[in-house]
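The following report describes the fold and the ligand surroundings of one protein chain for a reader at the bench. Please look over the sequence and the structure before reading on.

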Amino acid sequence: MSVLLSLENVTTGYGAQNVLHGVSLEIAEGGLTAIIGPNGHGKTTLLRAISGLMPLRSGSISLGGRSLAGLRPDEIVAAGIVHVPQGDMLFPEMTVIENLLMGAYLPAAAAEAPRRLERVFALLPKLKDRRGQIASTLSGGERRMVGIGRGLMAGGRLLMLDEPSLGLAPIVIDQIYEVVAELAGAGQSILVVEENAARVADKAALIALLDNGELVWSGAGAELMARPEILETYLGA
Ligand SMILES: Nc1ncnc2c1ncn2[C@@H]1O[C@H](COP(=O)(O)OP(=O)(O)OP(=O)(O)O)[C@@H](O)[C@H]1O
């Protein structure tokens with residue numbers, strides 16, 4: 001496999017407390033990787049560390065063989081890592097299209113914006129219909145789609161989605177994951193954080209299980225679902 005993102009022995013935390021304890025993980029180029037684990041066990045912190053929003057206390061992270069050490073968050077975006085945070089974090093008073101265009105704020109992305117916008121609208125036709133609508137008036141699922149679309153507008157090599165299912169109805173969660181799977185199937189590298197393994201098991205090439213800030217298991221989704229003892233031990237399933 002061609003490794004896109006590599007984490008080696010990553011430790012980080014807040015104040016006196018470490019949240020991640022020596023996490024090592026390799027993410028392949030193309031397709032879906034999922035980080036699963038209970039709430040509060042460090043999944044968001046892991047994405048924040050990759051995005052340069054948390055200084056590492058030990059270890060290293062590299063993208064395509066290039067170390068990200070010392071890069072600012074905007075330099076990490078420019079290097080190709082796009083982080084769609086938990087919740088919608090849209091600009092509520094702006095329209096769908098204005099929110100989408102904010103994703104292409106870096107000069108290199110701005111030149112590509114019209115082409116990428118067409119791609120986002122092809123993938124998420126509902127957003128095209130609602131492109132003039134103010135973001136605060138969208139449904140929860142539509143807002144989530146705008147967040148994903150805005151992430152795509154940045155044109156990253158790796159798209160990181162922090163719990164895109166959060167707070168949505170089951171049918172809407174299915175729609176979101178259909179879009180995620182379609183993107184991954186088209187070759188986009190995606191790292192998703194999810195609490196419920198069953199939602200990603202049939203879609204993710206690799207699932208990594210984070211428990212108390214440690215990576216306790218990783219493997220294919222089908223393999224995880226066939227291991228009820230792991231689900232029970234770590235996810236209480
Ligand atoms: N800004 C912060 N300051 C101090 N502690 C924090 C901060 N953010 C998170 N933590 C703590 O770090 C731990 C891991 O949190 P994190 O958000 O990474 O977990 P998570 O697995 O993503 O959970 P969730 O899905 O609920 O966000 C938790 O104990 C949390 O209280």
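Two strands are said to pair if DSSP finds at least two bridges between them, and helices (H or I, at least four residues) and strands (E, at least two) are DSSP runs, numbered from the N terminus. This is a predicted model, in which local features need pLDDT of at least 70 and side-chain atom pairs count only at pLDDT 80 or more, while totals for chains, interfaces and linings use all residues. Residues are numbered from 1 along each chain as its sequence is written.

**Overall form**

The protein chain holds ten helices and ten strands. Its C-alpha atoms fill a box of roughly 45 × 40 × 35 Å, taken along the principal axes. The radius of gyration (taken over C-alpha atoms, with a globule rule of 2.2 Å times the number of residues to the power 0.38) is 17 Å, which agrees with the value near 18 Å for a compact globule of 237 residues.

**The four-stranded sheet**

One open sheet has four strands in the order β2-β1-β4-β5, with antiparallel pairing. Its edge strands are β2 and β5 (66-67), each of which pairs on one side only. The pairs of this sheet are set out below.

| Strand pair | Bridges | Opposed residues |
|---|---|---|
| β1 (residues 3-14) and β2 (residues 17-28) | eight bridges | Val-3 and Ala-28 |
| β1 and β4 (residues 58-63) | five bridges | Leu-5 and Leu-63 |
| β4 and β5 | two bridges | Leu-63 and Arg-66 |

The hairpin of β1 and β2 has two residues between the strands, and in this hairpin Gly-15 takes a positive phi near 55°. Helix α1 lies across β1, β2 and β4 and runs at about 70° to β2; here axes are lines fitted to C-alpha atoms, for helices over the stretch in contact, and angles run from 0 to 180 degrees between N-to-C directions.

**The six-stranded sheet**

A further open sheet has six strands in the order β6-β7-β8-β3-β9-β10, with mixed pairing. Because β6 (81-84) and β10 (214-219) stand at the edges, each with a single partner strand, one side of each is left without a neighbour in the sheet. Neighbouring strands of this sheet are turned by 20° against each other on average, direction ignored. β6 pairs with strand β7 (residues 158-162) in the parallel sense over four bridges, and His-83 has Met-160 of β7 as its bridge partner.

**Two helices in contact**

The axes of helix α4 (residues 107-123) and helix α6 (residues 140-153) come within 9 Å and cross at roughly 140°. That crossing makes α4 oblique to α6, since angles under 35 degrees count as roughly parallel, over 145 as roughly antiparallel, 65 to 115 as roughly perpendicular and the rest as oblique. The contact (C-beta atoms, placed from the backbone, within 7 Å) is made by Ala-109, Ala-113, Arg-116, Leu-117 and Val-120 of α4 together with Gly-149, Leu-152 and Met-153 of α6. By class, this contact of α4 with α6 has six nonpolar, one polar and one charged residues, where Ala, Val, Leu, Ile, Met, Phe, Trp, Tyr, Cys and Pro count as nonpolar, Asp, Glu, Lys and Arg as charged, and the others, Gly among them, as polar.

**The ligand shell**

Which residues lie around the ligand? They are Tyr-14, Val-19, Gly-37, Asn-39, Gly-40, His-41, Gly-42, Lys-43, Thr-44, Thr-45 and Glu-163, a residue being near a molecule if its C-beta atom, placed from the backbone, lies within 6 Å of it. The largest share of this shell, three residues, comes from helix α1 (residues 43-50). The shell divides into two nonpolar, seven polar and two charged residues.

Key:
Contact = placed C-beta atoms within 7 Å.
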